[in-house]
Amino acid sequence: MTDAVIDLDQSNKRAILYLCIFGFFLRAVYILFFNPNISFPDEQRFWQEASSLLSGQGIQIGADGKRAHDMPLTAIIISLVYYITEGSMIGVKMFFAVLSTATIYLIAKLAELIGGNKKSALIAASIASVYPFFIYYSSLILSETLFLLFVTLMFVQLMNKDNKSQVLSGITIGFSHLIRPTLLYYVPVILIWQYFISKCSLKSIISSILLIVLVITPWGVRNKFSLGEFYIFTSGAGQVLLEGNNKWNISGGVSGSFESPDAYLKDVPQGLSELDEDRWKRNKALEYIKNNKKHSVKQAFKKLIRFWNIWPNSPDYQSWFYKFISIASFGVILCLALISVFILRKDYKKLSLIYLFVIYYSLIHAITIGSIRYRLPLEPLLIAIGSAGLSKMASKKAIEQKL
């Protein structure tokens with residue numbers, strides 16, 4: 001009997017490995033034949049930041065040389081791969097495909113920790129390997145793929161009851177912050193959950209906090225020398241908040257959908273420092289929200305609808321082909337995850353950290369900008385929960401049939 005269990009475990013591990021290899025193959029094919037070049041302005045920005053870093057000028061973009069518009073880790077990694085591959089854009093994109101492939105394994109591991117069985121992992125790996133949105137974004141030189149990897153790894157560590165994993169989550173949280181600054185505000189919830197739900201020792205929690213501080217402090221020190229202030233966030237947060245909250249934004253989406261895309265920036269005072277300009281934009285956005293409460297609430301609902309839309313919001317992707325792909329992938333996963341919340345209701349305490357993160361991340365984009373692109377970090381979690389629920393349903397039916 002023991003030998004049979006070992007063989008089954010080995011068989012599942014091999015199957016997940018094969019699914020990861022297949023997932024990488026799909027990503028590589030998509031890059032080589034469908035998206036070998038830069039497609040989006042944001043990709044160009046990260047490429048500029050990496051090029052600036054390699055030239056010895058530090059991370060900066062644009063004619064005005066903004067130095068903290070983005071968190072630094074994405075540009076640092078792009079520049080390293082760029083250097084190793086001797087300037088190959090395909091090489092950089094292939095590296096992102098490798099990161100996306102690693103995320104397949106992490107999603108499988110998270111599903112196993114949630115569901116408590118190898119079948120959950122196998123289902124999750126099967127879905128993640130062919131998931132269209134993961135394949136598509138792995139071909140783009142953006143922060144999405146990198147952030148997905150670290151967020152999924154963080155939840156794998158937090159769902160693992162081992163104290164070492166709980167401590168090491170501090171490093172992962174720190175690096176996640178250096179990719180995108182949105183996770184740091186969720187840290188207090190994580191710490192409370194670790195202590196009261198996961199029963200993590202106070203020593204481990206303090207160690208985790210120290211590791212977070214250790215990882216993100218160099219960015220603050222860099223900004224002290226570069227911008228004159230110890231600052232651990234970006235100078236682009238006010239821009240995003242203002243872009244989502246002004247009289248020209250009636251859709252809840254990005255400025256590219258406005259009738260006058262740059263109109264909301266016309267009153268920005270000249271001569272402000274990079275951080276002062278960001279603060280001005282943030283205050284302008286908050287003032288708009290305060291003075292237009294009813295409209296802002298309506299906008300928040302619009303942004304949530306855009307954020308959770310089961311097909312693309314962009315006018316360029318409204319054909320039935322794109323809608324079918326989106327509904328057949330994310331639409332199915334969303335339904336499965338919602339059903340699985342009920343199926344896994346006995347594990348609500350353990351899963352509360354994920355549920356609260358989904359709510360937290362949704363609210364951030366209800367305040368800022370609503371887009372299915374920004375929803376992507378939640379999709380590994382939905383796949384893992386849905387796979388665990390599906391596995392439990394299948395096991396229950398198998399037992400009923402035997403009886």
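**Notes on loops, rings and cores**

1. Glu86 is found in the loop between helix 3 (73-84) and helix 4 (89-115). Bear in mind that this is a predicted model. Phi of Glu86 comes out near 55°, a positive value in a residue other than glycine. For context, most residues other than glycine have a negative phi. As for its surroundings, Glu86 is exposed, because its relative accessible area is 75%.

2. Lys199 is another one to look at, with phi near 55°, again a positive value in a residue other than glycine. Lys199 belongs to the loop between helix 9 and helix 10. Its relative accessibility is 63%, so Lys199 counts as exposed.

3. On to the rings: searching the whole structure turns up 20 aromatic pairs. Take Tyr185 and Phe233, whose ring centres are 5.5 Å apart; their planes meet at 10°, under the 30 degrees that counts as stacked, so that is what this pair is. The two come from distant parts of the chain, 48 residues apart. Tyr185 is in the loop between helix 8 (163-177) and helix 9 (187-196), while Phe233 is in the loop between helix 10 (202-227) and helix 11 (237-244). Is Tyr185 buried or exposed? Tyr185 is exposed, since its relative accessible area is 54%.

4. Phe357 and Tyr360 make another pair, with ring centres 6.1 Å apart and planes at 35°, so this one is tilted. Both residues lie in helix 15 (residues 348-367), 3 residues apart, or about one turn of the helix. As a reminder, an α-helix has 3.6 residues a turn, so residues three or four places apart point the same way. Phe357 and Tyr360 are both buried, and they belong to one aromatic cluster together with Phe155, Tyr186 and Tyr361.

5. Phe357 shows up again in the largest nonpolar core, which has 88 residues. Which members touch the most other members? They are Ile114, Phe155, Ile354 and Phe357. Helix 7 (residues 144-159) gives this core its largest share, 11 residues. Setting aside neighbours within four places in sequence, Phe357 is in contact with Val151, Phe155, Leu183, Tyr186, Leu378 and Leu381. Apart from the largest core lies another one of 5 residues, including Leu242, Phe258, Tyr264 and Ala285.

6. Leu242 leads us to helix 11, where it is one of the buried residues. The others listed there are Gly238, Gln239, Leu241, Glu243 and Gly244. With 6 of its 8 residues buried, helix 11 is largely enclosed by the rest of the structure. What does the covering of those buried residues include? It includes helix 12 (274-291), helix 13 and helix 15.

7. Two charge-over-ring arrangements are worth a click. Arg45 lies over the face of Phe46, 5.1 Å from the ring centre. Over at Phe133, the charged end of Arg375 sits above the ring, 6.0 Å from its centre.

8. Tyr317 is placed in the loop between helix 13 (293-307) and helix 14 (320-343). Its relative accessibility is 29%, so Tyr317 counts as partly exposed. Not counting residues up to four places away in sequence, Tyr317 touches Tyr136, Pro312 and Tyr322. If you want a long-range distance to check, Tyr317 and Ile21 are 296 residues apart in sequence and 29 Å apart in space, C-alpha to C-alpha.

9. Have a look at Ser52, which lies in helix 2 (residues 41-54). At 6% relative accessibility, under the 20% limit, Ser52 counts as buried. A polar atom of the Ser52 side chain is 2.4 Å from the backbone oxygen of Gly58. Gly58 is also among the contacts of Ser52, along with Gln57, Ile59 and Gln60, once residues up to four places away in sequence are left out.

10. Last, the cysteines. How many disulfides are there? The count comes to 0 disulfides. Cys20 is buried, because its relative accessible area is 9%. Cys335 has a relative accessibility of 46%, so it counts as partly exposed.

Notes. Residues are numbered from 1 along each chain as its sequence is written. This is a predicted model: local features need pLDDT of at least 70, side-chain atom pairs count only at pLDDT 80 or more; totals for chains, interfaces and linings use all residues. Side-chain values use heavy atoms; hydrogens and water are left out. Rings of Phe, Tyr and Trp (its six-membered ring) pair if their centres lie within 6.5 Å; planes under 30 degrees apart count as stacked, over 60 as edge-to-face and the rest as tilted. Helices (H or I, at least four residues) and strands (E, at least two) are DSSP runs, numbered from the N terminus. Buried means under 20% relative accessible area, exposed over 50%, partly exposed in between (1.4 Å probe, protein chains only). A charge sits over a ring if NZ of Lys or CZ of Arg is within 6 Å of the ring centre and within 35 degrees of the ring normal. A nonpolar core is a set of buried Ala, Val, Leu, Ile, Met, Phe, Trp, Tyr and Cys residues joined through side-chain atoms within 4.5 Å. Contact means heavy atoms within 4.5 Å. A disulfide is a pair of cysteine sulfur atoms within 2.5 Å. A polar contact is a pair of N or O atoms within 3.5 Å; within protein, one must be able to donate a hydrogen and the other to accept it, and residues adjacent in sequence count only if both atoms are side-chain atoms.
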